[in-house]
Structure formats: structure tokens, C-alpha cells
Amino acid sequence: MSITRDEVAHLARLSRLALSDEDLDHLAPQLNQIISAVARVQEVAAEGIPPTSHALPLTNVYREDEPRPCLPADVVLSQAPAVEQQRFKVPRILDEELPDE
Amino acid sequence: MSDDLTRMTAAELSGELRAKNVSATEVTQAHLDRIAGADDHVHAFLHVATEQALAAARSVDDRRAAGEELGPLAGVPVALKDVFTTTDMPTTAGSKILNGWQPPYDATVTTRLRDAGAIILGKTNMDEFAMGSSTENSAFGPSHNPWDLGRIPGGSSGGSAAAVAAYEAPLAIGTDTGGSIRQPAAVCGITGVKPTYGGNSRYGVIAFASSLDTPGPLARTVLDAALLQEAISGHDRMDATSIPEAAPPVVAAARQADVSGLRIGVVTELSGEGYQPGVLARFQQAVELLESLGAKVTEVSCPHFRYALPAYYLIAPSECSSNLARFDAMRYGLRVGDDGNLSAEEVMALTREAGFGAEVKRRIMLGTYALSSGYYDAYYGKAQQVRTLIARDFEAAFGQADVLVSPTTPTTAFKIGERADDPMAMYLADLATIPSNLAGNAALSVPCGLAPEDNLPVGLQIMAPVLADDRAYRVAAAAEAAFTERWGHPLLADATGPASLSAASEITKGAGR
Amino acid sequence: MTTPTLVPYAEAVARYEPAIGLETHVELGTRTKLFCGCPATFGGEPNTQTCPTCLGLPGSLPVPSRTAIEYAIKIGLALNCSIAEWCRFARKNYFYPDMPKDFQISQYDEPLCIDGWLDVTVEDENGSETQVRVGIERVHMEEDTGKSLHVGGATGRIHGADYSLVDYNRAGIPLVEIVTKPITGTGALAPLVARAYVTELRDVLRSLGVSDVRMEEGSLRCDVNTSIAPIGSAQLGTRTETKNVNSLRSVERAVRSEIEREAGVLDAGGTVALETRHFHEDTGITTSGRSKEEAEDYRYFPEPDLVPLAPSREWVEQIRRTLPELPSVRRQRLQAEWGLSDADLAALRNAEAIDLVADTVAAGASPADARKWWLGELSRRAHETSVELTALAITPAQVARVAELVTSGALNDKLARQVLDGVLAGEGDPDEVVKTRGLAVVSDDSALTAAIDAAIAANPEVAQKVRDGKVAAAGALIGAVMKATRGQADAARVRELILERLS
């Protein structure tokens with residue numbers, strides 16, 4: 001079960017990590033080694049075994065539809081890298097993932 | 001006098017404070033002095049909150065003077081792992097990417113500590129985003145094991161463990177996701193507890209792996225850990241995964257300290273190859289000791305525990321790849337590359353590359369891989385099934401024994417730098433602790449001696465069923481009492497590094513350097 | 001970007017069979033957001049309605065709102081869905097600045113409601129009605145994102161913008177996503193079916209009281225999927241997803257335009273690209289957006305910060321009992337009660353006047369009177385002043401009162417229109433306007449006598465004709481009296497008096 005350097009580069013893009021060629025050279029074999037090791041889970045016969053996503057069988061935890069105090073805008077924006085018109089200023093967005101117009 | 005104060009357990013300090021033999025301010029100052037003297041060597045703290053701590057101490061003193069009834073931890077200092085949000089101190093999660101972020105809200109654990117009157121001395125060092133077993137992944141340099149400064153204090157709650165072992169604080173809070181409280185506690189010769197998952201609120205805990213992260217106490221005695229746990233545990237409506245039931249009575253159990261008639265199960269799969277001989281020897285002696293106290297010892301097999309490590313290293317990175325996506329330079333923290341030309345996507349990628357360390361990047365990519373369509377079933381999906389099998393192994397084992405035991409970690413504290421370039425070797429530190437994270441049951445580590453080959457601490461891991469945390473405390477306290485009697489003193493007294501009290505005054509003198 | 005070749009619609013549907021699908025997002029009208037207690041109200045100052053949870057601050061955690069779940073179940077029941085006995089939220093992972101956590105808490109392979117339907121009626125060009133059962137694949141819950149302003153570009157859109165400004169007030173607002181099963185076999189009626197579906201869905205949601213459902217405000221958002229295949233083909237064609245469809249009319253136009261465009265592509269021997277397209281209100285056509293071939297892998301996994309939802313059957317039945325009479329059932333009932341033809345009902349529905357008429361009838365008017373006023377005079381006023389009927393400054397109760405005054409003879413139609421003027425102008429209730437403007441019909445005989453005498457005196461030839469038996473000639477005298485009384489005379493009574501006088 002090996003992962004190619006190209007696949008590692010793809011993973012880096014998906015994860016929004018601007019890795020250099022050097023980084024990729026270093027990381028790819030490490031990832032490969034780890035993936036081989038964790039692939040051991042496939043040895044386990046798990047037909048019909050339900051997956052567990054929670055340690056405890058809790059269900060139906062809700063809250064009531066009651067308003068609670070919000071953070072003041074100045075606190076919300078106080079540590080933003082950039083602010084304009086009381087909004088978070090972010091660099092131009094290329095991806096039209098969910099165009100909200 | 002101040003040496004005496006830092007030497008005391010939390011229970012002892014509590015008594016002295018209650019009796020008004022000493023003030024919270026004195027206690028706090030003594031510990032701040034100790035930190036000033038020792039922390040240049042130990043580097044347990046990322047942030048020492050001198051002003052806030054003294055102010056909190058004064059407030060406790062005023063309230064006590066006014067006749068108010070205060071809880072047992074009022075005036076007792078505690079160190080907080082830098083993964084918990086605090087409004088009056090920065091919170092880094094051991095990473096550069098938060099870049100001085102000061103949270104606008106306190107974690108529930110933080111709030112409960114403040115409400116209990118505990119004095120938060122500061123924030124302790126940790127592996128970045130709780131990923132690691134040595135604090136070497138901290139963006140701010142590792143912490144050092146008070147037993148031997150050239151060795152790791154364990155991780156990811158290494159700073160918390162080192163602080164307690166170096167007498168800088170009687171109590172500390174950490175988080176345990178794969179062993180990150182228990183393993184540091186073991187290699188530092190102190191007690192550390194991972195409660196049943198959901199026993200302590202995760203609201204305000206910077207998330208690593210949501211279904212595994214568990215805040216818990218570190219202390220020099222089992223009773224101290226219990227006192228701290230009772231102060232912070234309980235249902236939190238801000239955390240949908242927090243246990244609704246009343247918390248188990250761990251303080252009473254710690255005082256009960258009795259194992260007669262209890263069945264102790266030794267887990268076959270959690271020993272043998274990969275475990276240091278001296279660790280196994282001390283573990284074996286611990287089991288014999290428990291038997292001599294009246295416990296019945298059996299061997300139990302948990303066949304799927306072999307798959308716990310690979311399952312964990314699929315589940316945890318998967319959840320973390322998602323939890324860490326929010327660090328994208330848009331709303332807070334580090335922003336790199338915003339020159340007016342680069343796109344948001346590029347700025348995100350440059351920032352995350354610069355702000356995250358190697359281990360974090362590895363796990364993010366591993367998690368992204370495991371969740372990818374086409375791979376989900378074989379990796380993440382399979383790992384979640386293995387998790388069910390491990391939980392069933394525990395259930396079956398707890399049918400044969402009341403508690404299960406193992407060495408907490410396969411080796412004693414390794415040298416700083418020894419495993420830093422070998423992720424797989426580093427991961428092996430979690431072999432024995434991980435199963436309890438996957439199943440969510442309670443588990444703790446209590447000191448059981450020094451390994452003969454290197455004179456470094458060994459921890460005994462005690463595991464109890466889900467919601468039966470008190471049972472683990474009961475057995476641990478019994479073991480602790482018996483060991484202390486056998487050794488003539490607590491294990492820590494054997495430390496010859498900065499943790500030792502004889503060295504304390506030398507270090508304090510040298511603090512001016 | 002080359003201008004697409006459009007095949008004229010009639011030709012396109014003569015050779016190709018369309019299949020459509022609709023994905024609708026509904027903003028729930030709860031008081032608070034889905035996972036935190038921030039107010040879910042619209043229009044606040046930017047970033048004033050946020051907290052650690054909806055900002056996704058490190059360490060924050062979500063806790064779901066029971067009311068939001070109840071509303072979602074209610075929607076599912078109204079759409080004839082089965083409600084899951086056990087389901088979970090899931091994380092949909094992708095990076096985008098308007099997403100505070102860079103993942104959205106949604107539902108993936110375990111939606112809350114599945115497998116329902118909604119019946120819609122469309123009229124073809126001959127006026128005959130077809131009923132179409134639109135299958136509902138799923139109804140699930142998810143949180144809304146923040147809202148971005150794109151600065152620097154020509155159109156305010158992302159393309160060409162220099163930077164963006166993000167407001168997170170909307171982040172975390174509860175959304176319900178309703179996905180239809182593919183709608184096939186509608187042929188040329190496809191665009192109308194799409195529009196009818198969205199209209200009916202909107203009416204159902206409104207009747208449930210779970211949302212404002214205003215497309216213009218964004219509380220109802222629609223994406224339309226369109227594909228075509230040669231008639232007789234066993235397989236469906238490649239579909240495109242069209243966004244920015246902001247009105248009912250746009251739904252219809254977008255489907256139509258896509259069918260024409262896809263026909264052009266296929267006719268030219270090409271293949272339709274699996275992609276997202278953007279609808280343009282001004283030109284009525286779609287342009288290409290993001291290619292779906294590089295469809296993002298969202299790496300869904302169950303949300304570990306939330307525990308499963310297992311709505312009890314008792315709770316579901318309790319919610320079912322709160323369902324109101326659904327719009328289609330109500331329309332049928334009213335049609336029967338009011339004795340309306342299908343055409344009459346359609347007219348009312350198209351004018352969005354059903355509720356107004358029903359309320360006016362409830363306030364005491366006859367259905368015929370209520371329809372007459374709302375579809376007649378008031379519709380004219382609404383059109384003149386470019387407002388919606390419901391936005392007119394007059395209530396059904398007031399309209400009912402005017403109708404009553406006419407029925408009792410206190411007003412005639414002409415006067416009634418003046419009373420409406422007064423009410424719309426804000427002069428008060430009908431009775432007040434009547435009083436202030438002195439608009440009551442004069443039926444006091446003595447008041448009329450003088451005017452009648454004057455009219456007879458002024459028109460002796462006409463009066464003579466009437467005396468001679470030409471009753472119809474009285475019309476001119478009646479007209480004179482009405483003029484003299486500024487239209488306030490009771491015309492019927494005037495006629496009686498004149499005839500009496502001249503007999």
C-alpha cells in the first residue's frame with residue numbers, strides 16, 4: 001500500500017499546505033511508512049461490525065431555542081489579521097465553491 | 001518555608017489554608033518563586049501569569065478573611081496546559097499559528113477552576129496541538145524531565161507533568177487523547193488520570209481528536225488528582241458529548257484505597273516485545289504487590305488491542321485534519337503572504353505551511369488521505385470498526401476482572417532528540433494507553449518504581465470500566481500507599497535532578513543568571 | 001467564453017426529453033442559530049450576532065437546537081417523508097473564507113427525512129391541467145455560512161474582485177435542504193413543473209410557519225439541475241446545476257434556457273459538461289461556473305462533537321398533529337366552498353390572493369364580493385403603485401366592511417371606490433372615511449325630492465316622455481340627480497321617486 005510523491009503533493013494541496021519540493025521529498029517516505037503501518041486495520045475481519053464514533057451511547061442532546069448574549073463586534077474583530085467596514089478583510093477568493101451573490 | 005510549601009501536596013495545602021496557617025498569597029508566591037528558580041531548566045511553562053495569580057490569591061484570602069466558606073481547592077495553585085482557553089492569558093496550543101491569540105472566552109475547565117478558587121499559575125508547554133509524546137513538537141522548544149534534564153518529560157502534556165514533578169505546582173491539568181496525561185505522568189514519576197470520555201468538558205479545549213480528547217488531572221498523589229478531578233468534572237451544557245450522569249465519587253474512592261477482593265486483570269497484549277525489561281520488572285512487582293494486598297490476579301486477553309495503535313493513527317489524524325482546518329489566516333492568528341496579490345487560497349496554504357510543525361502537517365495529510373473518497377472505507381471506516389472490537393474486548397475483560405493493569409508506557413523517559421526524526425518510533429510510546437482512549441473508559445498512571453537499568457520512573461496503568469473511574473482511584477491509592485510504605489517515601493523524593501528539593505535552593509540562587 | 005447556440009425551445013423538446021431536479025435551501029425561522037444561542041434575525045450590523053461557536057473559534061463546540069430539528073421534521077412530514085429513527089450530523093470539509101470552521105456541519109448519508117413527495121399541478125398551453133408527483137429524495141439539516149462582499153470587481157461578484165469582506169452574522173443559521181428525486185417524463189412542461197414545484201413548496205413551508213420563505217431575501221434558495229436525453233433514450237443525460245436562481249420566474253427561465261443550450265451542444269455533436277452554471281436575470285441565460293469534474297471531495301465523516309439524533313415516534317406523531325391544513329387541500333376546500341371554477345381558482349392563486357380572500361370571507365364578506373374587490377379594484381391599485389396585493393394599506397376586515405356597506409345600500413360601487421381610496425391613503429377605517437368625506441348614500445327621500453324637482457324642472461321634455469310611459473327616459477333624470485348629489489344618491493330609490501312623481 002504505497003503512496004506516490006504526486007499523491008502526497010495532492011494531499012498537501014487539499015489540506016492547504018504550501019509544501020516545498022524539499023518538504024515533499026522528506027514527508028512522502030514518512031507518510032508512506034505510516035500508511036503502511038496503519039493499513040494493518042484491514043487485517044481485521046470486521047464483517048457486520050458497526051463502527052463506533054462515540055465512546056458512550058448518548059443520543060438526543062439538545063438545547064432550547066433561547067437567545068444568549070453574543071460577543072461584541074469589536075471583540076470579534078480585535079484579533080483579525082485585517083478589518084474593513086466592521087468585517088473580516090480577506091484576500092481575493094479564487095474558488096467559486098459556493099458563490100453567494 | 002517556601003520550600004516546605006512547594007513540597008506539600010494539594011490536600012496538605014488545602015488543610016493549611018483552611019486552618020489559616022498560611023495564606024493563598026504566600027502559597028502562590030512560593031510557587032512563583034520556585035518557577036522562577038527552576039523553569040529555566042525545566043521549561044514547563046509557556047506563560048507565567050504572575051499578576052493574575054497573585055490577584056486571584058488575594059481575592060481568596062479576602063474572602064476567607066470575611067468568613068466565607070471556600071471549597072477545598074481555594075488558594076491551591078494549578079498549572080493549565082496551554083490547550084485550554086483563558087481570557088486573561090494567551091493560548092497557543094504549543095503552536096506558532098495562533099500567533100499571540102487571546103481567547104475571548106474561558107474553557108469550562110478554566111471557569112470551574114476559577115470558581116473553585118484555585119490559583120492558575122500559568123499555561124504549560126505541550127506538543128503542538130497535542131500531537132506527540134515528548135513535547136519536542138512544541139513550537140517553543142521542549143520541556144525537560146525533572147529527573148534528567150536531557151530527557152523528555154513525555155507528551156503531549158509534558159509541561160504539566162514536568163511542572164508537578166519539579167514542584168512548580170502541586171496540581172496540573174492536561175488532556176489525554178492517546179495517552180498524553182498518563183505517559184508524561186509515568187515518565188515523570190507522578191500520577192495522571194484520563195477520566196471516562198465526556199467526564200470533563202471539552203468546551204474551550206482546542207480540539208485535536210474530538211472523539212478522543214479528554215481533560216484530566218496530574219498530581220503527586222492519587223488523592224490530589226481526585227480532588228482536582230472533582231472540582232472540574234460534571235456535565236456541561238456547552239459540550240454535547242459531556243456525560244449527563246453525576247460524576248463518580250473519586251475522592252471517597254481515593255481515601256478508601258483498598259483492593260481486597262478485587263479482581264485485577266493483566267492484559268496479555270500490553271506487555272512483552274517492545275517493552276523495556278526494567279519497566280516489565282517493576283510492573284510485575286506492582287502486580288505482586290497488589291496481590292499481597294488481597295487482590296486476585298488473572299490474565300486476560302484483549303486480542304484486538306494489537307490493532308489499537310493503527311486504528312488510533314487513522315482516527316485521530318482524520319479528526320484533526322478537520323479540526324485544524326479553521327486555522328486558515330482569515331479570522332485570527334498568523335497570516336503569511338498577504339501582499340494584495342495572492343489569493344485567499346494561497347495565503348491559507350502559505351500560512352499553514354509556516355505556522356504548523358512537521359508532525360502536525362504529517363497528521364493533517366494522513367487524515368486527509370484516510371477520509372478521502374475511495375479510501376474512507378478501508379481506512380477511517382475500518383478503524384471505527386476496530387474501535388468497536390476494542391470496546392468489546394474491554395467489555396469481555398471487565399467481565400473477568402474489576403480493573404485491568406499494564407505498564408503505562410513501554411519505556412522510561414527517552415533522551416531528547418532520540419526519536420524526533422522517527423515518527424513511528426515516537427508513536428510506540430502510546431501502545432498501552434491508546435486502547436482506553438478508543439473505548440473511552442477511565443485509565444490512570446501511578447508511579448510503581450524506578451527501572452533498574454536507568455533509575456528512571458515507571459508507571460503502573462490501571463484501567464476501569466466506563467463511568468467506574470472511582471474504581472481506578474481506589475486501586476491506585478492502595479498501590480500508592482503500599483509503595484510509599486515499601487520505599488519509605490514518595491517516589492519523587494528519589495529524584496536527583498532539579499525535581500529534588502536539595503537542589504531547589506541551588507537553583508533558586510542561580511536564577512539570577 | 002463563446003456564446004452558446006440555443007435551439008428554440010419547441011424544437012428542443014420535440015427531439016429531447018428533459019429531466020430536472022431541484023435542491024432548495026430553506027432558512028428556518030427559529031429565534032436562535034442551529035448550534036448556538038445567537039439570534040437568527042436578519043439585518044443586524046456586521047459581526048454583532050456571533051459567539052465562539054458560530055465563529056468556530058478554537059475550542060468551541062456545537063449543541064443542536066431542538067426547535068430547529070422539530071421544524072425540519074415538520075417539513076419532512078408535510079412532504080410525506082419517513083423520519084429517520086436514528087441519524088447523525090456529518091462534517092462536510094472544504095476551505096472557504098465564509099466558513100468559520102472550514103467545514104460545514106451538515107448531514108450526509110443519514111438524512112433526517114427521506115422518500116417523500118409533493119404533488120404539483122401545471123397547465124399546458126391548451127389550458128388543460130396535468131398533475132405531477134414530484135418525488136422528494138431527502139430533507140436534511142445543515143448550518144448556513146457567513147456572507148461575503150466582494151470588493152473591487154466590476155459586478156460585485158467574485159471574478160475580478162481585489163478582496164472580500166466577510167460578515168459571520170449568518171454563519172450557523174439553521175438551514176433545511178430539500179432535494180427532489182429526478183423529475184422525468186414532463187416533456188415540454190419541464191420548466192413549468194419546476195416553477196410549480198418551487199411555488200407549491202414555498203406555500204407549504206409558509207403554511208407550516210417554519211420560515212419566511214422569501215426568495216428575494218434569501219430565506220428560500222433554489223438550485224436547478226437540468227439534463228436532456230434524446231427522446232426514447234433509456235438513460236438520463238449529463239446534468240448541469242444552475243445557481244443564482246432568485247425568483248419563481250427565474251426557475252422557469254433557467255430550466256428553459258438550459259434545455260435550449262444543452263440541445264445546442266448535443267446537436268453540434270458535443271457532450272454536455274458536468275458543471276455548475278450561473279443564471280443571469282438580465283439575459284435569461286446561464287454561463288459556466290466551476291467544472292464539476294474536479295468536484296471537490298468533501299471527505300464526509302460523522303460529526304464527532306455531536307451525538308446521534310433519535311427522534312422518538314411519539315415526538316414525531318406529536319409534531320404531525322401540529323401540521324396545518326396543507327395549501328393544496330385548503331385550495332380544494334375553498335374552491336368547493338366558494339363554488340369556483342378551476343379557472344377562477346387559478347386566477348386567485350396567480351394573484352396570490354387566496355389568503356386575502358379567505359380572510360375577507362372570514363370577516364363577513366361573501367366570496368363573490370371578496371373576489372370582486374381584491375381581483376378588481378385593489379389589484380388595479382396594487383399594479384398602479386407597483387406593490388404586492390398583500391402590501392396594500394388595507395386589511396381584509398376593512399374590505400369586508402366596505403362590501404357590507406355596499407350590500408346594505410349605504411354605499412354604491414362608485415362611493416365604495418372612494419372609500420377604498422380613503423383607507424389606502426391612511427384616513428382610517430371605512431366608517432371613518434365615509435363620515436369624514438361625507439360619502440354616505442343619500443336615501444333620505446326629502447333630501448332627494450329637491451334634487452328630483454330640480455331635475456324635472458330642468459328637463460321638461462324628458463319628464464313628459466316619462467309621463468307618456470317611456471320609462472327608460474327616466475335614465476337622464478336619474479343621471480342629473482346623481483350628478484347633483486355628487487353620486488351619493490341611492491340610484492334605485494331616485495328612480496322609484498321619479499317614476500312615482502311622473503306617473
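## The contact between chains B and A, and the nonpolar cores

In this predicted model, chain B and chain A have zero salt bridges between them. Polar contacts do link the two chains: 19 residue pairs are in polar contact, with both residues at pLDDT 80 or more. On the side of chain B that touches chain A, several helices take part, and α11, α12, α13, α14 and α15 of chain B each supply at least two residues. Among these, α14(B) gives the most, with 10 residues.

The size of an interface is often given as the accessible area lost when the parts come together. Here, chain B and chain A bury about 5100 Å² between them, and 67% of this area lies on carbon and sulfur atoms. Three residues, Glu345(B), Met365(B) and Tyr369(B), supply 13% of the area that chain B buries against chain A, more than any other three residues. The contact takes 63 residues from chain B and 54 residues from chain A. The table lists the side of chain B that touches chain A by class.

| Class | Side of chain B that touches chain A |
|---|---|
| Nonpolar | 35 residues |
| Polar | 14 residues |
| Charged | 14 residues |

The model also contains nonpolar cores. The largest has 216 residues, and those with the most contacts inside it are Leu113(B), Phe129(B), Leu460(B) and Ile462(B). A second, separate core of 74 residues includes Ala72(C), Phe89(C), Cys113(C) and Val210(C). Returning to the largest core, Leu460(B) touches residues including Phe283(B), Leu290(B), Val405(B), Leu444(B) and Ala479(B), not counting residues up to four places away in sequence.

Methods:
Residues are numbered from 1 along each chain as its sequence is written. Chains are lettered from A and ligands numbered from 1 in the order in which they are written. This is a predicted model: local features need pLDDT of at least 70, side-chain atom pairs count only at pLDDT 80 or more; totals for chains, interfaces and linings use all residues. Side-chain values use heavy atoms; hydrogens and water are left out. A nonpolar core is a set of buried Ala, Val, Leu, Ile, Met, Phe, Trp, Tyr and Cys residues joined through side-chain atoms within 4.5 Å. Buried means under 20% relative accessible area, exposed over 50%, partly exposed in between (1.4 Å probe, protein chains only). Contact means heavy atoms within 4.5 Å. Buried area is the accessible area (1.4 Å probe) that two parts lose on being put together, summed over both. A salt bridge is a side-chain nitrogen of Lys or Arg within 4 Å of a carboxyl oxygen of Asp or Glu. A polar contact is a pair of N or O atoms within 3.5 Å; within protein, one must be able to donate a hydrogen and the other to accept it, and residues adjacent in sequence count only if both atoms are side-chain atoms. Helices (H or I, at least four residues) and strands (E, at least two) are DSSP runs, numbered from the N terminus. Ala, Val, Leu, Ile, Met, Phe, Trp, Tyr, Cys and Pro count as nonpolar, Asp, Glu, Lys and Arg as charged, and the others, Gly among them, as polar.
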